[in-house]
Amino acid sequence: MKKICVIGLGYIGLPTACLFAKYGYDVKGIEMKKMIIDSIKNGTFNSPETGLNELVEEVVKSGKLTLNNKPEKSDIFIICVPTPLNEKATLCDLSYVKSTAISITPLLEKGNTVILESTVPPGTIKNVLLPILENSGLKAGEDFNLVYCPERLLPGNLLKEIINNDRVIGGIDDYSSKIAKELYSSFVKGNIYITDATTAEVIKLMENTYRDINIALANEFAMVCEKLGINVWEAIKIANKHPRVNIHFPGPGVGGHCIPKDPWFIFESFPNGVKIIKTAREINDFMPEYVVETVKRYIKNIKNPKVALLGVSYKANVDDTRNSPSTKIIEIFKQEGYEVSAHDPHVKNYGFELHEFEDVVKNADCILLCVNHNKYKKINPKIISKLVRNKLIIDTKNFIDKKLWKDAGFDVKVLGNGKPR
Ligand code: SAJ
């Protein structure tokens, strides 16, 4: 059976490595972080993703997935390393992709296949990866295959999506694409679409940019509707009944490790030719500030107010806090000298201190709901009404049962709802 080296055992690399191992390949998982390797080896690896812990245990026990901290000779190399934004916050930092390519180059042999899954700016395969790998003396498309195959998985639903989602494969030539298609067909049940490498890179960016722009549109509608004295949620719901309309939903901003950064990868190639993409990013980045201003308006007459912030992950029911809008909201409140106390039922490690739910709402003057975790549905407003100092809740996700909270005496505000009560 062919040997695969999966480099980067993050939220994409690990399930990818496990599935190839499950479907018979000899997989070497490569990871720089010793902590990750140790936790997989000693069985303490713990992911909130359904089924992942069991799958990891299965393939490690069967010996099909083994681990190392640097790549070794293989038939196939799959690169799943991070591509963060650089310190200017609008340019892609390709250093991990480059260093991985440099580490693979001396190992490359005729007939090998190199696949990149990380999200990258257009042209990275042809202009960055290919020249580095050709330093091996081998020629891409003749001696080895080179492919872009973006991951397209929704955190929180990884294993289901990795198997069932359609995939895009962009080889630098037809043979590279054919080989990659055969490989992924071992576990992918969705359709596999073949295109060229640069088109595949752009498709990935288009998907997340589409989502970013639509969320920005929803956020702009929310701000407009508030001023018009109408309810954006009601308006979007009815507008979406149109067969060709799919407006997304407003919120406190756009977080995660993909959507807030990927649109910049298009922008960086055409800084003067890209308008809507940049504006959408700016609107979504502005939302935490808008939320803070909204809160401040409602508590302006309260002396030394306390804000109880619920939810610090970037979206519902996950423990991931990367680029979370809540982090920006907490930062702004703290900078301005407000007392803010935060809770999240899923998050353990966070840059700011988190507290028990009861301690957070105790003596609060405003409950600010930033994430629609299912667990927050179970909150009993009657109990909370006895703990808070001022009965006000601001719901940025249109999530709570308004009647329940109103019946418990709360003043209920929903982001984007400007209707007078
Ligand atoms: N959000 C809104 N309003 C909405 C939808 C989302 O404010 O209507 C916010 C969320 O609260 C969150 C952010 O946007 O803060 C992003 O969440 P998400 O669920 O839209 O996306 P991610 O970042 O978890 O995953 C996305 C997915 N891309 C698309 O749906 C096009 C996923 O399929 C990609 O694989 C992933 O990015 C990635 O890795 O690129």
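I163 sits in helix α6, which spans residues 158-164. This is a predicted model. Start from I163 and look along the chain. G190 comes 27 residues away in sequence, yet the two C-alpha atoms are separated by 7.0 Å. Contacts fill in the picture. Setting aside neighbours within four places in sequence, I163 is in contact with F187, V188, K189 and G190. L19 is in contact with I163 as well.

Move on to helix α8. This helix covers residues 197-228, and K204 lies in it. Is K204 buried or exposed? Its relative accessibility is 4%, so K204 counts as buried; the cut-off for buried is under 20%. Not counting residues up to four places away in sequence, K204 touches T119, Y148, P150, E151, R152 and D262.

K204 also leads to the ligand. The ligand is surrounded by 22 residues. K204 is one of the closest, together with E151, N208, R211 and Y314. E151 therefore appears twice: it touches K204, and it is among the residues closest to the ligand.

Now take the polar atoms around the ligand. In the side chain of E151, an N or O atom is 2.6 Å from a ligand oxygen. L153 uses its backbone: a polar atom there is 2.7 Å from an oxygen atom of the ligand. G255 also uses its backbone, with an N or O atom 2.9 Å from a ligand oxygen. How much of the ligand does the protein cover? On its own, the ligand has 770 Å² of accessible area, and the protein covers 88% of it.

Y314 gives the next step. It is one of the residues closest to the ligand, and it is in contact with D320. D320 is placed in the loop between β9 (306-310) and α12 (325-335). Its relative accessible area is 14%, so D320 is buried. The side chain of D320 makes a polar contact with the side chain of R322, at 3.0 Å. Leaving aside neighbours within four places in sequence, D320 is also in contact with H257 and S313.

Follow the chain from this loop into α12. S324 caps the N-terminal end of the helix. A side-chain oxygen of S324 lies 3.1 Å from the backbone nitrogen of S326. Which residues of α12 are buried? They are P325, S326, T327, I329, I330, I332 and F333. S326 thus has two roles in this account: its backbone nitrogen takes part in the cap, and the residue is buried. The buried residues of α12 pack against α11 (276-298) and three strands, β9, β10 and β11 (366-369). Just after α12, G337 takes a positive phi of about 85°.

The strands behind α12 belong to a sheet. What is the order of its strands? The open sheet runs β10-β9-β11-β12-β13, five strands with parallel pairing. β10 (339-343) and β13 (411-414) are the edge strands, and each pairs on one side only. From one strand to the next, the twist averages 20°.

Finish at the β13 edge. Strand β12 covers residues 392-395. It pairs with β13 in the parallel sense, over four bridges. One bridge can be picked out by residue: L392 has D411 in β13 as its partner.

How values were computed
Residues are numbered from 1 along each chain as its sequence is written. This is a predicted model: local features need pLDDT of at least 70, side-chain atom pairs count only at pLDDT 80 or more; totals for chains, interfaces and linings use all residues. Side-chain values use heavy atoms; hydrogens and water are left out. Two strands pair if DSSP finds at least two bridges between them. Axes are lines fitted to C-alpha atoms, for helices over the stretch in contact, and angles run from 0 to 180 degrees between N-to-C directions. Buried means under 20% relative accessible area, exposed over 50%, partly exposed in between (1.4 Å probe, protein chains only). A polar contact is a pair of N or O atoms within 3.5 Å; within protein, one must be able to donate a hydrogen and the other to accept it, and residues adjacent in sequence count only if both atoms are side-chain atoms. Contact means heavy atoms within 4.5 Å. A residue is near a molecule or strand if one of its heavy atoms lies within 4 Å of it. Accessible areas come from the Shrake-Rupley method with a 1.4 Å probe; for residues, only the protein chains shown count as cover.
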